[in-house]
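Visitor: I would like to learn how to read the features of a model such as this one, going from single residues to strand pairing and ring contacts. Could we take them in turn?

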Amino acid sequence: MLLSLDRKYKAHCIHPSADQHPDTKMWTPRVLISWEENGKLHYRTLYGAPDQFDNLSDAIKFAMDYGMSWVDGA
């Protein structure tokens, strides 16, 4: 089941998220991409560092765009 932030994109599931640094309060994007190939499930986690954002929604948007770009280049 897809969570509300998850998106299906070109036979891949993209799950964006972000972590907040406890000292700077800046958000670092992260994206988990999963897909099935030849009956086997594959995963790739991408981190957006050094990109950091002041707010969570900008970090999530960046993570989603980053994930889609990765799929396009794969």
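Visitor: Let me start with one residue: is T28 buried or exposed?

Guide: This is a predicted model, in which local features need pLDDT of at least 70 and side-chain atom pairs count only at pLDDT 80 or more, while totals for chains, interfaces and linings use all residues. Residues are numbered from 1 along each chain as its sequence is written, and side-chain values use heavy atoms, with hydrogens and water left out. In general, buried means under 20% relative accessible area, exposed means over 50%, and partly exposed covers what is in between, with a 1.4 Å probe and protein chains only. T28 is buried because its relative accessible area is 16%.

Visitor: Where does T28 lie, and what does its side chain contact?

Guide: Helices (H or I, at least four residues) and strands (E, at least two) are DSSP runs, numbered from the N terminus. T28 belongs to strand β3, residues 27–37. A polar contact is a pair of N or O atoms within 3.5 Å; within protein, one must be able to donate a hydrogen and the other to accept it, and residues adjacent in sequence count only if both atoms are side-chain atoms. Here the side chains of T28 and Q52 are joined by such a contact of 3.1 Å.

Visitor: How many helices and strands does the chain have, and in what order do they run?

Guide: The chain has 1 helix and 4 strands, and from the N terminus on its elements run β-β-β-β-α. Its C-alpha atoms fill a box of roughly 45 × 25 × 15 Å, taken along the principal axes, and buried residues make up 34% of the 74 residues.

Visitor: How many bridges join β2 to β3, and which way do these strands run?

Guide: As a general criterion, two strands pair if DSSP finds at least two bridges between them. Strands β2 and β3 run antiparallel and are joined by 9 bridges, with H15 standing opposite L32 in β3. These two strands form a hairpin with 6 residues between them, and K25 in the turn has a positive phi of about 65°. Strand β1 (residues 7–9) is also antiparallel to β2 (residues 12–20), through 3 bridges, and R7 has I14 in β2 as its bridge partner. In the hairpin of β1 and β2, which has 2 residues between the strands, K10 takes a positive phi near 50°.

Visitor: How many aromatic pairs does the structure hold, and how should one read them?

Guide: Rings of Phe, Tyr and Trp (its six-membered ring) pair if their centres lie within 6.5 Å; planes under 30 degrees apart count as stacked, over 60 as edge-to-face and the rest as tilted. The structure holds 3 aromatic pairs. One of them, between W35 and W70, is tilted, at 5.5 Å centre to centre with 45° between the planes. This pair links distant parts of the chain, since W35 is in strand β3 and W70 is in helix α1 (residues 56–73), 35 residues apart. W35 counts as buried because its relative accessibility is 14%, whereas W70, at 23%, counts as partly exposed. F53 and F62 form another tilted pair, at 5.3 Å centre to centre and 45° between the planes. F62 is partly exposed, with a relative accessible area of 24%, and ring pairs link F53, F62 and Y66 into a cluster.
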